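User: I'm new to reading protein structures. Could you walk me through a few features, one at a time?

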Amino acid sequence: MIKRIGIIGGTGWLGGGLAQAMLDSGFIEADRLFLSNRSGSHPLAQTGAHVLTDNQALVDASDVVIVSVRPEQFNALKVKAPGKRVISLMAGVTAKAISEATGASIVVRAMANAAVEIRQSFTPWHCEQALDAAEVAFIQGLLECVGTASQVPTEEAIDYLSALSGTGPAFPALLMTALTQQAVIAGVPESVDLQAAKGVVVSASQLLASHDPQEMIDSLVAYKGVTAAALQSLLDAGFGEQIGRAVQAGADIARRGM
């Protein structure tokens with residue numbers, strides 16, 4: 001039997017996106033889904049899902065509790081979930097802190113990203129407790145409602161991935177903005193700048209779905225053309241190391257707690 005699932009913060013962009021995806025995919029029936037928010041109302045209630053204002057009532061009604069709130073809001077929840085499974089979608093809140101605060105028997109940390117909106121999120125997850133095959137399949141299936149998911153071996157990996165895959169479109173958006181701004185400086189007409197940058201970041205990058213990225217870089221550099229010169233300039237300037245430092249800076253924040 002499918003478990004009863006509760007989502008604290010279940011009508012926000014992340015919790016609501018996950019709830020809608022679970023319903024659309026048939027992962028759960030609406031009458032087994034419990035959502036909480038401050039108003040106690042939301043269009044998702046029209047599906048038959050339960051929308052509550054009391055987080056503890058949601059926990060009591062659910063077998064699996066998903067916490068989808070901002071990390072700084074967690075301490076204010078003050079919910080008790082002894083014997084429950086808790087899945088956290090929060091960055092920077094450790095499994096130990098969640099377990100101590102809620103009394104949950106099993107704590108899973110998962111890190112989705114903004115691509116939940118288009119059901120293209122990559123969501124890594126980790127659980128310190130031993131899980132049987134059915135539990136692993138349940139968690140994997142739940143997270144795959146909004147894209148792809150993968151179990152990782154350590155909680156430290158979740159913190160690092162919070163600053164990598166957890167950033168969603170942030171790095172591509174930064175690249176697209178930089179390309180647009182530099183085209184303006186170079187004198188390219190403004191009507192073309194954004195279109196050109198979008199063609200690189202959004203359109204052409206879809207080739208990476210079917211091509212090995214390193215092989216593509218190697219072949220372009222070996223060709224010694226225009227693209228090779230641009231790539232080599234970035235490589236010579238330590239592009240990889242810069243990205244590494246950027247991701248590490250984010251991971252450090254996650255590990256310190258937000």
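**Reading helices and strands**

Analyst: Sure! Let's begin with one residue: Leu175 sits in helix H7, which spans residues 170–185. Keep in mind that this is a predicted model.

User: Is Leu175 buried, partly exposed or exposed, and why?

Analyst: Leu175 counts as partly exposed because its relative accessibility is 44%, and that class lies between under 20% for buried and over 50% for exposed.

User: Which residues make the nonpolar surface patch with Leu175?

Analyst: Leu175 teams up with Leu179 and Val200 in a nonpolar surface patch of about 240 Å². Here's the general idea for helices: an α-helix has 3.6 residues a turn, so residues three or four places apart point the same way.

User: Which residues are buried in helix H6?

Analyst: H6 covers residues 155–162, and its buried residues are Glu155, Ile158, Asp159, Leu161 and Ser162.

User: What do the buried residues of H6 pack against?

Analyst: Two helices and two strands: H4 (95–102), H11 (239–256), E6 (106–110) and E7 (121–127).

User: Now strands. How do I read those?

Analyst: In a regular strand the side chains alternate between the two faces of the sheet. You can also look at who pairs with whom. Strand E4 (residues 64–67) runs parallel to strand E5 (residues 85–88), joined by four bridges, and Val67 stands opposite Ser88 in E5.

User: How many bridges link E5 and E6?

Analyst: Four, again in the parallel sense. Ile87 stands opposite Val108 in E6. Between these strands, the chain goes from E5 through H4 to E6, a right-handed β-α-β crossover.

Conventions:
Residues numbered from 1 in each chain as written. Predicted model: local features only at pLDDT ≥ 70, side-chain atom pairs only at ≥ 80, totals over all residues. Heavy atoms only, no water. Patch = residues over 30% accessible without salt bridge, like charges linked within 9 Å, V, L, I, M, F, W, Y side chains within 5 Å. Areas by Shrake-Rupley, 256 points an atom, 1.4 Å probe, with all protein chains shown as cover. Salt bridge = Lys/Arg side-chain N within 4 Å of Asp/Glu carboxyl O. Buried < 20%, exposed > 50% of the residue type's maximum accessible area, 1.4 Å probe, protein only. Contact = heavy atoms within 4.5 Å. Pairing = 2+ DSSP bridges. Right-handed = clockwise from strand over helix to strand, strands pointing away.
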